[in-house]
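Biologist: Please take a close look at the metal site in this structure. After that, walk me outward through the other parts that can be described residue by residue.

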Amino acid sequence: MANLTRVEAGARSALLVVTGYRLELDLTQGAQTFESSSTVRFRCAEPGASTFLDVKPQRLHRVTLNGAEIDLGGFDGERITLTGLTEENEVVVTATMGYSNDGQGLHRAVDPADDRHYVYGHSFLDAAPRVFACFDQPDLKAPYDVLVTAPSEWIVLGNGAATRTGEGSWALATTKPLATYFFTVCAGPYVSVTAEHDGIPLGIHARASLREPLERQAEQMLTITRQSFDYYHSLFGVRYPFGEYHQVFVPEFNAGAMENPGCVTLRDQYVFRGATTHDEVLTRSGTIAHEMAHMWFGDLVTMRWWDDLWLNESFAEYMAHRTLEETTEFTDAWVDFSMARKPWGYAAERTPSTHPVAGSPAPDAQSALQNFDGISYAKGASAVRQLIAHIGDAAFVAGVRDYLRDHAYGNAALEDFLGAMQRASGKDLQSWADAWLRTTGLDAISVEMATDQGAITSATVHRVPPAGQPADRPHSFDVAGFSGGAEVFRVVTTVDSDETALPELAGKPAADMVVPNAADLTWANIKLDPATIAATPAELRAVPQAQARAVVWTALIDAVALAEIDPRHLLAVLATSWAGESSQSIVNQVGLRMTGRIIPQFIPVSEQRSADAVVATAAAAMLAESGAGSSRALVAARYVAKASADEDLLRRWASGQQLPEGLGGDWDFRWLALGNLARRGAIGSAEIAAALELDHTMQGTLKALECKASAPDASSKAWAWEELTGQHGRSNYELNALAEGFWRGGDRDVLRPYVARYFTDVPALSGRVGEDALARVAQLAYPSRVVEVSTADQSATALRRNDLTASVRRAMVDADSQLREALASRARFG
Ligand SMILES: [Zn+2]
C-alpha cells in the first residue's frame with residue numbers, strides 16, 4: 001500500500017503548483033463500479049523533472065501527459081510516474097473505479113427499506129485517489145470543476161453548487177482552491193429541505209426513507225446553522241467563502257461528520273427516527289457547529305501536513321462548544337464536554353499511545369490517521385481554553401482573525417498559529433506551547449487543607465507532572481467547596497509551580513467536599529481528597545452546579561480506572577445520586593460508562609448481575625419521577641431496557657406493548673429491549689427475524705445483526721465470528737454491529753476460544769477493510785470483557801508482531817491498556 005510520506009509530499013509541493021481539476025464521474029454503470037475521468041493542470045518549477053500522480057483504480061484505461069500517451073505497463077496500482085514535465089502541464093486519466101462499502105472513497109449503500117441506492121464521497125484522509133487521479137496531499141490546493149452523470153431519479157450534490165443540465169447530467173460550480181481530502185460528491189434519491197440565511201443557500205438532505213424525521217427535525221438543524229454562521233461571521237471577520245452550504249446525512253459513515261467545503265457529510269443516525277433526548281440534539285448541534293468552524297479553520301486555511309491536524313480539530317472542538325453555549329439554547333455545552341469528551345481524552349492519556357497535542361511526528365499519511373483521538377480533540381480544546389486564560393479572549397480572537405486573513409485559501413502550520421497569537425497578545429508563547437502542546441501526559445492536581453474548628457487554616461494546591469514527561473504547565477482553574485448542598489467557597493487561581501498556596505481560603509468555612517477545577521477549565525487528573533470521596537454518596541447530588549458534579553463524576557470514574565478507588569464505591573454513588581441528577585449529559589454519560597465499561601470490566605463476574613440491578617433500579621426510579629414523555633424519562637427508560645433483568649417487562653416493550661409515553665413506534669427503543677433479551681438467550685433468531693420483518697430498515701438490519709451476534713449459544717457465536725472475519729462482503733457498519741454484539745452475551749467458556757481468534761482473524765482483515773473502518777472494528781471486536789490474565793498475555797504477544805497495520809495496532813494497544821487497568825483494579829479490590 002502506497003503511503004505518502006512527509007518527505008515525498010514536501011518534494012512534490014516544492015515542485016508543483018496545481019492550477020485546476022476537471023473531473024467527470026459517470027455513476028450509471030451499475031452498483032459495483034463507476035467511470036472516472038480526471039484532467040489535472042499544473043505548473044512545474046523545474047522543467048524536465050518528474051513526479052507522480054495518485055490513483056487507485058480497478059482498471060486504468062488511458063493516461064496522457066501534455067497530449068502524449070503514457071505506457072501503463074509499469075503501473076503499480078497506485079502511482080503514475082510523470083516524466084519530462086514542462087512549465088505548464090496537463091495530465092488526463094480515465095479509469096474504472098470501484099465503489100466501496102467501508103466508508104472510504106465513493107461509498108455505495110442500499111437502503112433495505114426501499115432498495116434505493118445512495119452514494120457519497122469521502123476523500124479523507126488519503127482516499128481521494130479511489131475517486132479521481134490527483135496529487136493527494138493537503139498543501140496542493142486547486143479549484144475543481146466537476147461533471148456528474150447519474151441515474152435520472154437521483155440528485156447530485158458536491159463542493160460546488162450543483163445544476164441539473166439535462167436528464168441525469170449535473171454540473172457543479174467551480175470551487176475555490178480546495179485540498180484533495182475535501183472532495184465529495186453525494187448522489188442518490190436523497191430528499192431535501194432547503195432554506196437560505198444571510199445570502200447563503202442552505203440544504204439538508206437524507207435518504208428517502210428518512211423523509212419524515214428529516215422534515216420534522218430540519219428547522220432545529222437550520223436554526224443551529226444560522227446561529228453558527230452569524231457567530232462565526234462576527235467572530236472571525238471573514239464571511240463564509242464556499243457558496244452554498246449543504247449538510248448531507250449519509251449512510252454507513254465512519255466518523256461523526258466530515259467538513260467538505262460546501263457539502264458536509266454527517267452520519268445519518270443523526271436524523272433521529274425515534275424519540276430524541278436533549279443530549280442527543282446537543283451532540284448533533286455540536287457536530288453542526290464543529291463542521292462549520294472547519295469551513296474557516298481547516299478548509300479556508302488548511303494544515304500544511306497531517307502533523308498539524310490537531311490544530312483543525314482542537315480549534316473546531318473548542319469553537320463548537322463555545323458557539324453552543326454563547327449563541328444557542330444549549331447553555332450546558334461545556335458540561336457535556338466534561339462528561340462526553342474529556343473522559344475520552346483522559347483515557348487516551350493513560351495508554352501508551354498518548355502523544356503530544358502538537359508536533360506528533362506524522363512521517364506518513366497513515367500514521368497521522370491514528371491521531372484522531374481524545375488528545376487531538378478533547379485535550380486540544382482544553383489547551384485552547386488554557387491559552388485563552390493565559391492571553392485573554394480579545395487577543396485570542398484578534399490572533400485568529402489575523403491567522404485566517406494571512407493564510408486564506410492556503411496552508412499554515414503550528415508556528416504560524418503561535419506567531420499570530422504572539423503578535424496579538426504581545427506574549428512569548430514558546431514555553432507555554434512546550435508545556436501544553438509539545439509534551440504528553442496529565443498533571444495530577446489535588447488540594448490539601450488544614451482546618452481548625454470548622455474553619456480553613458491553610459490550603460495548598462499540589463501539581464504533580466506525569467512521571468518521565470517533564471512539563472511545567474501553568475494551570476488556570478478554580479477550587480470550590482460544598483457542604484450540604486451549598487457552595488461555601490470558591491477561589492480562582494493560577495498554578496505555575498508544584499505547590500501553590502491559596503491564602504485567600506484561610507478563615508473560610510471547611511467544606512464536606514472540596515472540588516479542584518470545579519468549573520473544569522483545565523486539563524488534569526483531579527485527585528479528590530479521601531474525605532471528599534467518602535462524602536460523595538451522600539453529598540454529590542446536592543452540589544448545586546452541574547459543572548462541578550460533572551468534574552466529581554469524572555474524577556471518580558478516572559480513580560476507578562487507576563485502581564485508586566473500589567468500583568463498588570462508584571456503584572454506591574450511582575445508587576444515591578444518579579436517579580435525581582438533572583443534567584442529562586451526566587445521566588447519560590455516567591450510564592454509558594457504567595454499563596459499557598465499569599460493570600463488565602471492573603466489577604467481578606459474580607457481582608455483575610447485582611450491579612446491573614442497581615442501574616436498572618435507579619433507572620426505574622428516574623423513569624417514575626420524570627415527566628411522562630420527557631427527555632429525561634426517555635433516557636431513564638433506555639437504561640431500564642438495557643439493564644433490567646425483568647424478562648416480562650422486556651418482552652412487553654420488545655413487542656411494543658405498554659411502552660413508556662412517547663416511545664410508541666420507536667424501533668430503536670424496542671431494539672434495546674430485544675438486545676437485552678437476545679444476550680440473555682431469552683429470544684432466538686425467530687423472534688429477531690420477526691422484529692426485522694416489522695422494522696425492515698438500515699438501522700433494523702444492523703440491530704438484528706447485533707442481536708444475533710450477542711446470543712449466548714456456541715452456534716450463534718460461530719456464525720457471528722465467521723460473518724465478522726470471513727469473506728462475506730459485509731459493510732463497515734455490519735462489521736461494527738457484529739463486533740459490538742459478539743462479546744455482550746455468552747459465558748466465559750463459550751467466549752474464551754475467540755480470544756485467540758481475535759489476535760489472528762482481525763489483523764487479517766487489513767487490506768480487505770479500509771483502515772478508517774478497521775480501526776473501529778478492531779476496537780469493538782477486542783475481547784475486552786474476558787478480563788483474564790491470559791487475555792492480556794495473548795494481547796502482549798500479538799503486539800510484538802511487526803505485521804500489524806497502524807489501525808489494528810492502535811486499537812489493540814488502547815484496548816490492551818484498558819484491560820490491564822481492569823485487571824489491576826480486580827487485583828486490588830477483588
Ligand atoms: Zn473536525
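Modeller: Donors here are N, O and S atoms within 2.8 Å of the metal, and water is not among the atoms, so a site may look incomplete. The model is a predicted one. With that cut-off, the protein donors of the zinc ion are H290 through NE2, H294 through NE2 and E313 through OE, at 2.0 to 2.1 Å from the ion. Along the sequence these donor residues follow the spacing H-x3-H-x18-E. H290 belongs to helix 3 (residues 278-296) and E313 to helix 4 (residues 309-327), so this pair ties together parts that lie 23 residues apart in sequence. H290 and E313 are both buried.

Next come the enclosed spaces. There are five cavities of 30 Å³ or more. The largest cavity holds about 140 Å³ of space. It is lined by 16 residues, and L4, D54, K56, D126 and D136 are the closest to its centre. Sorted by class, that lining has eight nonpolar, two polar and six charged residues.

The second largest cavity holds about 90 Å³. Its lining includes S338, K342 and Y346, along with N517 and D520. Further on in the sequence, A524, N525, I526, V551, T554, A555 and D558 also line this cavity. Helix 5 (333-349), strand 28 (525-526) and helix 12 (546-561) each supply at least two of the lining residues. Helix 12 gives the most, with four residues. By class, the lining of the second largest cavity divides into five nonpolar, four polar and three charged residues.

Two residues that touch L4, one of the residues closest to the centre of the largest cavity, can be taken together. F52 sits in strand 3 (residues 51-54). With a relative accessible area of 15%, F52 falls under the 20% limit and therefore counts as buried. Leaving aside neighbours within four places in sequence, F52 is in contact with L4, E8, R12, R79, I80, T81, L82 and F135. One of these, R79, is 27 residues from F52 along the chain, and the C-alpha atoms of the two are 6.0 Å apart.

Q137 lies in the loop between strand 9 (116-122) and strand 10 (144-149). Q137 is buried, with a relative accessible area of 1%. Leaving aside its neighbours within four places, Q137 has contacts with L4, A9, R12, S13 and T180. L4 and R12 are thus among the contacts of Q137, and they are also among those of F52. D520, from the lining of the second largest cavity, is 383 residues from Q137 in sequence, with 37 Å between their C-alpha atoms.

On the cysteines, the structure holds zero disulfides. For C44, the nearest cysteine sulfur is that of C134, 18 Å away. C44 is buried, at 4% relative accessible area. C186 has a cysteine sulfur at 4.2 Å, in C263, but this is too far for a bond, because a disulfide needs the two sulfur atoms within 2.5 Å. C186 is buried as well, at 0% relative accessibility.

Then there is the second largest pocket, with a volume of about 790 Å³. Of the 31 residues that line this pocket, S100, D102, R130, G767 and R768 lie nearest its centre. Strand 8 (105-111), helix 6 (365-369) and helix 25 (771-781) are the elements that give two or more residues to the lining. By class, the pocket lining has 10 nonpolar, 12 polar and nine charged residues.

Last is the stretch around helix 22. In this helix 10 of the 11 residues are buried, so helix 22 is largely enclosed by the rest of the structure. The buried residues are N732, Y733, E734, L735, N736, A737, L738, A739, G741 and F742. G746 is in the loop between helix 22 (732-742) and helix 23 (748-751). Beyond its neighbours within four places in sequence, G746 is in contact with R679, P712, K717 and L751. Of these contacts, P712 is 34 residues from G746 in sequence, yet the C-alpha atoms of the two are 3.6 Å apart.

Definitions and conventions
Residues are numbered from 1 along each chain as its sequence is written. This is a predicted model: local features need pLDDT of at least 70, side-chain atom pairs count only at pLDDT 80 or more; totals for chains, interfaces and linings use all residues. Side-chain values use heavy atoms; hydrogens and water are left out. Donors are N, O and S atoms within 2.8 Å of the metal (3.2 Å for Na, K and Ca); water is not among the atoms, so sites may look incomplete. Buried means under 20% relative accessible area, exposed over 50%, partly exposed in between (1.4 Å probe, protein chains only). On a 1 Å grid over the protein atoms alone, a cavity is a set of points where a 1.4 Å probe fits but cannot get out, and a pocket is an open set with protein on both sides within 12 Å along at least five of seven lines; lining residues have an atom within 4 Å of a point. Grid points are joined across faces, edges and corners, and a volume is the space filled by probe spheres set on the points. Ala, Val, Leu, Ile, Met, Phe, Trp, Tyr, Cys and Pro count as nonpolar, Asp, Glu, Lys and Arg as charged, and the others, Gly among them, as polar. Contact means heavy atoms within 4.5 Å.
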